[in-house]
Amino acid sequence: MSVTAHAQQVITLQKAIDLTLQNNLTIKQAQITESLAKADVDQSRFNLYPTLSANPSAGYGFGRSPVAGAYAYANQTIFNVNAQATFQEVLFQGGQLRNQIIENKIILDADKTSTAKVKNDLVLNVVVDYLQILTNQDLIAAAKQQIDIAKITLDRSQKNFDAGNQTLADLSQAKAGLSTADLNLTTAENQYASSILTLKQYMEMSADSDIVVEKPDISKMDNIQTLFNADDVIKTALGVNPDVKLAELQQKSYEQQIKIAKGNYYPTVALYGGLASYYSSANIKYRVVGSTPLAFETIGTVTGTNQTVQSVTQVSEPIYGPYSFTRQFDDNFNQSFGITLQIPIFNHFTAHTSVKKAKLNYEYARVTTDLARITLSKTILQALLDVQAAQKSYISAQQTYQANKEAFNVVQQRYNVGLVNSLDYNTSLTNYEKSENDMIQAKYTLIFRSKVIDYYLGNPIVL
C-alpha cells in the first residue's frame, strides 16, 4: 500500500500573475509569433547579400551522337560532367529591399506589442478571477453563518411547536429557512470551485492541484481613489495601451507597404558573374598532341634557274592522345561577368494594382487606429463612471447591511420571547442575509473597478 500526499499550495495574487505569465500557452503562442517576425527581419537583411550558387551535374547519354574530332555520328554511350557557379548582387531594386527591412521591423514591434497585450489581458483576467474567489470565500463564510442562525431558529421553532406555542406552518418555515441556507452554501461552494478551476487554467496547473488563495487585508483598501481627471487618464492610456499601440504599428506597416509596392515601377540593376567547365568521355581519346609531317615529291626543275619543283604527296594529319578528366576541365574552363538591367514596361497593371491595394489597406488601418483611440476613450469614460458608481453602491450596501443587522438583532430578541411571529422574523432574516451578500459583492466590485483604472493607466495591479 502506498500513500501519496500533496501539500496544499498557497497562491498569492502576485504568484498567480507570475505563474500565468510563465506558463500560459496563449502567451507562448504570442512569443512564437514574435520569434517568427524576428526571423523575417533577419532574412530581409540577409537579402541584401549577394547570391552564390554552384550547379554541378553528371550523367550518361545514350544513342546516336556526334563523334568527337570527326564529322560523323555513331551510336555510343557518353559520360558527361558539367560544373557551373554563378554570382549575383542586386544593386538597385526600387528601394524594395530596404523598405522590406523597415516593414519587417515594424511587424516585429507589432508582434511584441501583441504579446504585451496578451499578457496585460491575462493579468487583468487573473485579478478579476482572484477577486471572484475572494468574493466566493466571503459568501461561503456568510452562508455558514446563515446556516448557524437557521439551525438555532429551527431548534427554537421545534421547541415552541412541541409546547404548542407555534403552528406547523411556523415550523415548516424554519425548516425551509435552513434548506435555503444550505442551498446558498452549496451555490457559493460551487461558484468558488469554478473560480478556482479558472485560476488553475490561467496558470496551466493540473485540475487536481490543491491550492488555496491568500486573502489580502481588504481593510487597507478603504481609501480607494475613485475621482480621476478623465482627460489625464485618457491621455496616459493612449500612450501605454497596447490596443492603440498595436493599431498604430499596423498602420505604419501598411504605410511601408505602399513604398514597397511603388518599387515595382523602377528598373532592377544587378551585377552577375559566373564560372563554368565540362568534361565528356567522348573526348577522352581525341586530344590533339601533334601532327604528321607533309610528304613531298620532286616533279621537275625551273628552266634557267634549275630550281627544284615539288608537290605534296601526303597531307599532314593530327595526332590524337589521351584527354584526362582534369585536363578537359582546365581546357574548357570559362568565366563571365557583367551587369543586367530589367526595365518594367508592361506587366498587366500588377504594379499599379499593388500600389492601389496598399493605399486602401493603409486607409483601412488609419481608420482602425482612430476607432481604437475612440473606443478606448469611451471605455475609460465608462470605467470612471463605473468606479464612482461602485463606491456609492458600496457605501449604500454598508448602510443597508448595518441597518438590517441592527433590525434583525432586535427582531431576534423579540422573537425569542414570543413578541414577533415567524413571518416577521423570517422576513428580517432574509433582509439581513441579502444585505450581507450585497455588501460583499459591492466591496469586491469597487476593488475591481479601481483595478481597471490601474490597468488602463499602465500601473501594476496589486491587492
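The axes of helices are taken here as lines fitted to C-alpha atoms over the stretch in contact, and the angle between two axes runs from 0 to 180 degrees between N-to-C directions. On this basis, the axes of α8 and α9 come within 6 Å of each other and cross at roughly 155 degrees. Because angles over 145 degrees count as roughly antiparallel, α8 is roughly antiparallel to α9. The crossing in which α8 passes α9 is left-handed. The residues of this contact comprise 22 nonpolar, 13 polar and seven charged ones. The model in which these helices are found is a predicted one.

The overall composition of the protein is as follows. Nine helices and 13 strands are present. The protein has 463 residues, of which 33% count as buried. Among contacts between residues at least 6 apart in sequence, 80% join residues at least 24 apart.

The helices α8 and α9 are also linked by an aromatic pair. F408 and Y432 are stacked, with 5.4 Å from centre to centre and 5 degrees between the planes. F408 belongs to helix α8 (residues 350–416) and Y432 to helix α9 (residues 422–457), so that the pair links distant parts of the chain, 24 residues apart. Both F408 and Y432 are buried.

A second helix pair is formed by α3 and helix α4 (residues 168–202), which pack at an angle of about 160 degrees with their axes 8 Å apart. The two helices α3 and α4 are therefore roughly antiparallel to each other, and their crossing is left-handed. The contact of α3 with α4 is made up of 22 nonpolar, 13 polar and seven charged residues.

One residue of helix α3 (residues 96–162) is A143. With a relative accessibility of 3%, A143 counts as buried. Apart from neighbours within four places in sequence, A143 is in contact with N184 and L185. Between the C-alpha atoms of A143 and E189, which are 46 residues apart along the chain, the separation is 9.6 Å.

Another buried position is found in helix α1 (residues 13–23), which contains L19. The relative accessibility of L19 is 19%, and L19 therefore counts as buried, the limit for this class being under 20%. When residues up to four places away in sequence are not counted, L19 touches I11, N24 and M203. The C-alpha atoms of L19 and K200 are separated by 9.7 Å, although these residues are 181 residues apart along the chain.

Aromatic contacts were examined across the structure. A pair of aromatic rings is described by the distance of the centres and the angle of the planes. The structure holds 13 aromatic pairs. In one of them, the ring centres of Y60 and F79 are 5.0 Å apart and the planes stand at 45 degrees, so the pair is tilted. This pair likewise links distant parts of the chain, since Y60 lies in strand β3 (residues 57–61) and F79 in strand β6 (residues 78–92), 19 residues apart. Y60 counts as exposed, at 58% relative accessibility, whereas F79 counts as partly exposed, at 26%. Y60 and F79 also belong to a cluster linked by ring pairs, together with F62, Y279, F325 and F329.

Backbone geometry was considered in the loop between β13 (334–342) and α8, where H348 is placed. Most residues other than glycine have a negative phi. H348, which is not a glycine, has a positive phi of about 60 degrees. At 65% relative accessibility, H348 counts as exposed. F349 is placed in the loop between β13 and α8 as well. The phi of F349 is near 65 degrees, again a positive value in a residue other than glycine. F349 counts as exposed, with a relative accessibility of 52%.

Methods
Residues numbered from 1 in each chain as written. Predicted model: local features only at pLDDT ≥ 70, side-chain atom pairs only at ≥ 80, totals over all residues. Heavy atoms only, no water. Phe/Tyr/Trp six-rings, centres within 6.5 Å; stacked < 30°, edge-to-face > 60°. Helix = DSSP H or I, 4+ residues; strand = E, 2+ residues; numbered from the N terminus. Buried < 20%, exposed > 50% of the residue type's maximum accessible area, 1.4 Å probe, protein only. Contact = heavy atoms within 4.5 Å. Parallel < 35°, antiparallel > 145°, perpendicular 65-115°, else oblique. Left-handed = near helix turned anticlockwise from the far one by under 90°. Nonpolar A, V, L, I, M, F, W, Y, C, P; charged D, E, K, R; others polar.
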